[in-house]
Amino acid sequence: MKLYNTLSRTKEDFKPLNPPEVKMYTCGPTVYSYITIGNFRAYVTADILRRVLEFNNYKVNYVMNVTDVGHLVSDADTGEDKLEKGARREGKSPLEIAHFYEKDFIQKSQELNFLEPNERPRASEHVGEMIKLIERLERKGYIYITSTGVYFDVSKFVNYEKLARCDLKQQMQAAREDVVADETKKNPCDFRLWQLNQPEHILQWDSPWGRGYPGWHIECSAMSMKYLDEQMDIHTGGEDLIFPHHTNEIAQSEAATGKQYVKYWVHNAFLLVDGGRMGKSLGNAYTIDDIKKRGFEPLALRYFYLTAHYRSPLNFTWEALQSAQNGYRNLRGKLSRLQLGSESGSESESESVHRCGTGSEKDHVDVIAQFSARFQGAINDDLDTPRAMAVLWEMVKAEDLSAVDRLSLAEKWDKVLGLDLLNDELKTQSYELKELPEQVQKLISQREELRENKEFVKADGIRERLQGMGYRLEDTPENTEITAS
Ligand code: AMP
Ligand code: ZN
């Protein structure tokens, strides 16, 4: 299996530290508001990676934290704590806010079919571990204390830029130009491990340096070391985390332990909206509820994510999500027709069994082996999901394979894709008109009009078009029933 490692900027052969175990950590959400479909691209990437590892028979120990304190509005250690900002906005306590959005995140993660992490530690419940790690750094002479906090001195850590490959001088300059830069720091890139003298901050803990709260970066090092030990195989996150968050995680962890912290760093590219940045202030930071309100299924969004390679930017538009949903429903429709035995080329299990032992059996086994190798080749090539989906589509349409074989390959591959392809709930689920996408509603009412005017040929044309989009229309004496096709 090959994996692109940000550390080397190359695709490397994946060799875990202690096979078959793989230790993997993902920087989890800062739970101060609803998680956006941009953030979810990062978590889908991690979920696919974990599933691919399990497909390759590795035993994955997967940790995703929850950040419920200490992540400031600016990643450069400045501004307000996001949780406290959320609390003020909603008139609740920071932990009430955190628990509410964490619960929502977990529910949405289930709707997107993520496998549960082995651990989901909350930062606010691991402050003791963070203090111990800072003490270790203090003993080794990496920290200094000012009126605003305890800082990590980056000049003491050799090779600070190894992950970001940034020009430290340029970064220093950028940090210096930050309007609210902290004047008490020795170097502009030094980062705060512990915040001091902020009496108005609600969440505070006692520490050897005074009452305060942890910095965002130290949280991930302390929690990953608690659950995965001092060295791990894989650490993931969006590409914006390369600097400063992951750069700082490496510096403080390796300074404390003297060992390489992470072997493979995996970063996903961003989700764009209408070709540009997505942001709360731009009104396009869509959530899973936003897409559901417009009649889209969360799993159609998962399908959409998989149509692009995780290291390529992906542009979200409502039209693109609509075609992903059409594709997703077509795929499920095809598979459910194979299950019902109504798809051409499909045959019953007894026929398929009967064919075994005939002269064509070897060819048939070869076809299955070739498809399996192509699918595995795609996912093992740095998680090439677009290629894997193309192989899936080709296989589902392969008439030289029996329905039983196609269904069994789809079921196996779905363990990686997580699209719930063979759950037959969808094929019987009927839809309310108002929950359907606008374009679908329009087509349905056009068809109604045509039927009222007795233009049945045109009406049937629309029915077929809707069928192609994944909606089956059944006319009963009372109404028209709409189900997934
Ligand atoms: P945050 O809660 O801001 O720390 O972000 C959570 C995760 O989402 C991090 O891994 C970010 O890198 C990632 N992320 C944020 N915005 C996007 C986006 N538009 N596209 C992809 N990943 C993102
Ligand atoms: Zn992190």
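The exercises below work through a predicted model of one protein chain, each with a stepwise solution.

Residues are numbered from 1 along each chain as its sequence is written, and chains are lettered from A and ligands numbered from 1 in the order in which they are written. Local features need pLDDT of at least 70 and side-chain atom pairs count only at pLDDT 80 or more, while totals for chains, interfaces and linings use all residues; side-chain values use heavy atoms, with hydrogens and water left out.

**Exercise 1. The chain as a whole**

Task: State how many helices and strands the protein chain has, and what share of its residues is buried.

Solution.
- Step 1. The protein chain holds 17 helices and 16 strands. Helices (H or I, at least four residues) and strands (E, at least two) are DSSP runs, numbered from the N terminus.
- Step 2. Of the 485 residues, 55% are buried. Buried means under 20% relative accessible area, exposed over 50%, and partly exposed in between, with a 1.4 Å probe and protein chains only.
- Step 3. Along the principal axes, the C-alpha atoms fill a box of roughly 80 × 55 × 35 Å.
- Step 4. Among contacts with a separation of 6 or more, 75% come from residues 24 or more positions apart. Contact means heavy atoms within 4.5 Å.

**Exercise 2. The zinc site**

Task: Identify the residues that coordinate the zinc ion (ligand 2) and place the two cysteines in the chain.

Solution.
- Step 1. Cys27 (SG), Cys220 (SG) and His245 (NE2) coordinate the zinc ion (ligand 2) at 2.0 to 2.1 Å. Donors are N, O and S atoms within 2.8 Å of the metal (3.2 Å for Na, K and Ca); water is not among the atoms, so sites may look incomplete.
- Step 2. Along the chain, the donors of the zinc ion (ligand 2) have the spacing C-x192-C-x24-H.
- Step 3. Cys27 sits in the loop between β3 (21-26) and α1 (37-55), and Cys220 in helix α6 (residues 216-228), so the pair ties together parts that are 193 residues apart in sequence.
- Step 4. Cys27 and Cys220 are both buried.

**Exercise 3. Helix α10 against helix α14**

Task: Describe how α10 and α14 cross, and list the residues that make the contact.

Solution.
- Step 1. The axes of helix α10 (residues 318-340) and helix α14 (residues 403-417) come within 9 Å and cross at roughly 135°. Axes are lines fitted to C-alpha atoms, for helices over the stretch in contact, and angles run from 0 to 180 degrees between N-to-C directions.
- Step 2. That angle makes α10 oblique to α14. Angles under 35 degrees count as roughly parallel, over 145 as roughly antiparallel, 65 to 115 as roughly perpendicular and the rest as oblique.
- Step 3. Leu335, Leu338 and Gln339 of α10 make the contact with Ala403, Arg406, Leu407 and Ala410 of α14.
- Step 4. These residues divide into 5 nonpolar, 1 polar and 1 charged. Ala, Val, Leu, Ile, Met, Phe, Trp, Tyr, Cys and Pro count as nonpolar, Asp, Glu, Lys and Arg as charged, and the others, Gly among them, as polar.
- Step 5. Leu407 in helix α14 is buried, at 15% relative accessibility. Leaving aside neighbours within four places in sequence, Leu407 is in contact with Leu335, Leu338, Gln339 and Leu422.

**Exercise 4. Helix α2 against helix α3**

Task: Classify the crossing of α2 and α3 and give the residues that meet.

Solution.
- Step 1. The axes of helix α2 (residues 82-90) and α3 come within 8 Å and cross at roughly 95°.
- Step 2. The two helices, α2 and α3, are therefore roughly perpendicular to each other.
- Step 3. From α2, Leu83, Glu84, Gly86, Ala87, Arg89 and Glu90 meet Pro94, Ile97, Ala98 and Tyr101 of α3.
- Step 4. The contact residues divide into 6 nonpolar, 1 polar and 3 charged.

**Exercise 5. Backbone details**

Task: Locate the cis peptide bonds at Pro20 and Pro244, and the positive phi values of Asn113 and Asn159.

Solution.
- Step 1. The Pro19 to Pro20 peptide bond is cis, with omega near 5°; Pro20 lies in the loop between β2 (10-13) and β3.
- Step 2. Phe243 and Pro244 are joined by a cis peptide bond with omega about 5°, and Pro244 is in helix α7 (residues 242-257).
- Step 3. Asn113 has phi near 65° and lies in the loop between α3 (94-111) and α4 (127-139). Asn113 is partly exposed, with a relative accessible area of 25%.
- Step 4. Asn159 has phi near 70° and lies in the loop between β8 (149-152) and α5 (168-177). Asn159 is partly exposed, with a relative accessible area of 47%.
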